[in-house]
Amino acid sequence: MPTVTLQLPQPALTYDVRIDAGLLAKIGDMVRHVAPHAKAGVILDEGIEQTHGKLAVRSLVAAGFDATVAVMSPSEKRKSLGTMRSLYDVMLDAKLERSSPVITIGGGITGDTGGFVAATYLRGVPFVQVPTTLLAMVDASVGGKVGVNTIQGKNLIGAFHQPRLVVIDVDVLATLPVRELRCGLAECVKHAIIRDPALFDWIDRHVEAILAMDRPTLIELVERNVQIKADVVMADERESGVRAHLNFGHTFGHAIEATTAYGRIHHGEAVALGMVAATGLATDLGLCDRGLLRRVVGLLERIGLPVFEKKLPATAKLMNAMTLDKKVSGGAVRLILPDGLGQVRIHDDIPPDKIGNAWDALRGYVDG
């Protein structure tokens, strides 16, 4: 099977997303093609430093790069300005130049933080994404959104900085904990709900093969989801319109993460809960029928993702966290709610009591 290559034309830069098995060992030549320079900065997720990281760095050195490696912890708490300062120090000490590529190898936290470093170091250097989690492959690595968290919320400080190249090697998923694989599937389900009913049915039929790490199934899963993300991003690079649809489930989900100390509930789990809350809210408002809620809950349960959470913080605290979300406009919380499978709309006029009811329902989902 040949390598799948998807091309993302953007106003400032056109880049490829390459998807296959075994690409990590070839990363050096691929980076050399898009960012030829003597020096390169490599930002590694510490969890893969001795495995996938070693393989990638060896390939970069073989391709002629003088590679400077910085390692970071892949935790939401370390996705911070403090971590960025330490990464800047490594790059400055190595005297990386404006044409030196920064390559991030790891999950979405590493890619977002390292990407923000690339966007701001010397006012912007070439950036290459090598995602090693399913969540990062199908979502965070595509589209150029980079940034870090603050104590007030997720991704409130950041930039748009498109990569020169995204390299996706599905073989790295073999070492991924099943919990993280399930978290990545939450984003796949999101793409299906907002854009592609056929993908929703395909995931439902292939849950077992995906969780068993069947290589052809994983390649197709990643390709279909990257294509959806690419189509949305190409239509709206700066999130002024339809790109906001990608936030389905995320306004609820980010509030959960911000109020539970970024850790107990993983991002994909928070997104799953957020999708249930958003679909339940849409059902309550009469925007969609209850059958959609049943289907969403049923698929998330089959994957092994949470659909309710009894230990959520107080509703008032969650509501306050929503008002700090970066999508708030004019003080109004902007929510993406479904009309049906494959169709969502932006709403900024939902009564607070209805949003509160959605939070209350999430503490003990009951399909009535």
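The largest cavity in this predicted model has a volume of about 70 Å³. A search of the whole structure turns up two cavities of 30 Å³ or more. Rolling a probe the size of a water molecule over the atoms is what shows where empty space is left. If you would like to find the largest cavity on your screen, look for its lining: Gln152, Gly153, Lys154, Leu156, Thr251, His254, Ala255, Ala258, Ala321, Leu324 and Asp325. Two elements each give two or more residues to that lining, strand S8 (153-160) and helix H9 (250-259). Helix H9 supplies the largest share, four residues.

Stay with S8 and H9 for a moment, since a charged pair joins them too. Lys154, one of the residues lining the largest cavity, forms a salt bridge with Glu257, and their closest N and O atoms are 3.2 Å apart. This pair links distant parts of the chain, with Glu257 in helix H9 and Lys154 in strand S8, 103 residues apart. Are these two partners buried or exposed? Glu257 counts as buried because its relative accessibility is 1%, and Lys154 counts as buried because its value is 6%.

Side chains of opposite charge can pair when their charged atoms come close, and the structure holds 17 salt bridges. Another of them brings together the side chains of Lys190 and Asp139, at 3.5 Å from N to O. Lys190 lies in helix H6 (residues 178-195) and Asp139 in helix H5 (residues 134-140), so this pair ties together parts that are 51 residues apart in sequence. Lys190, at 1% relative accessibility, counts as buried; Asp139 is buried as well, with a relative accessible area of 12%. The two also belong to a network of salt bridges that links Asp139, Glu187, Lys190 and Lys229.

For a pair within a single helix, turn to H8 (215-235). There Arg224 and Glu220 sit four residues apart, about one turn of the helix, and they form a salt bridge whose closest N and O atoms are 3.4 Å apart. Arg224 counts as partly exposed because its relative accessibility is 23%, and Glu220 falls in the partly exposed class at 32%.

Now for a charged residue without such a partner. Asp169 lies in strand S9 (residues 165-169). Asp169 is buried yet has no salt bridge, and the nearest side chain of opposite charge, Arg215, is 7.0 Å away. What lies 2.9 Å from a polar atom of the Asp169 side chain? It is the backbone nitrogen of Leu24. Leaving out residues up to four places away in sequence, Asp169 touches Asp20, Ala21, Gly22, Leu23, Leu24 and Met137.

Two last stops are worth a look. Ala244 has its place in the loop between helix H8 and H9, and at 1% relative accessibility it counts as buried. Ala244 and Gly158 are 86 residues apart in sequence and 16 Å apart in space, C-alpha to C-alpha. Lys317, in helix H12 (residues 315-323), counts as partly exposed because its relative accessibility is 47%. From C-alpha to C-alpha, Lys317 and Thr259 are 7.4 Å apart in space, with their positions 58 residues apart in sequence. Helix H12 spans residues 315-323, and Ala321 is among the residues lining the largest cavity, which brings the tour back to where it began.

Note on methods:
Residues are numbered from 1 along each chain as its sequence is written. This is a predicted model: local features need pLDDT of at least 70, side-chain atom pairs count only at pLDDT 80 or more; totals for chains, interfaces and linings use all residues. Side-chain values use heavy atoms; hydrogens and water are left out. Buried means under 20% relative accessible area, exposed over 50%, partly exposed in between (1.4 Å probe, protein chains only). Lys and Arg count as positive and Asp and Glu as negative; His and the chain ends are not counted. A salt bridge is a side-chain nitrogen of Lys or Arg within 4 Å of a carboxyl oxygen of Asp or Glu. A polar contact is a pair of N or O atoms within 3.5 Å; within protein, one must be able to donate a hydrogen and the other to accept it, and residues adjacent in sequence count only if both atoms are side-chain atoms. Contact means heavy atoms within 4.5 Å. On a 1 Å grid over the protein atoms alone, a cavity is a set of points where a 1.4 Å probe fits but cannot get out, and a pocket is an open set with protein on both sides within 12 Å along at least five of seven lines; lining residues have an atom within 4 Å of a point. Grid points are joined across faces, edges and corners, and a volume is the space filled by probe spheres set on the points.
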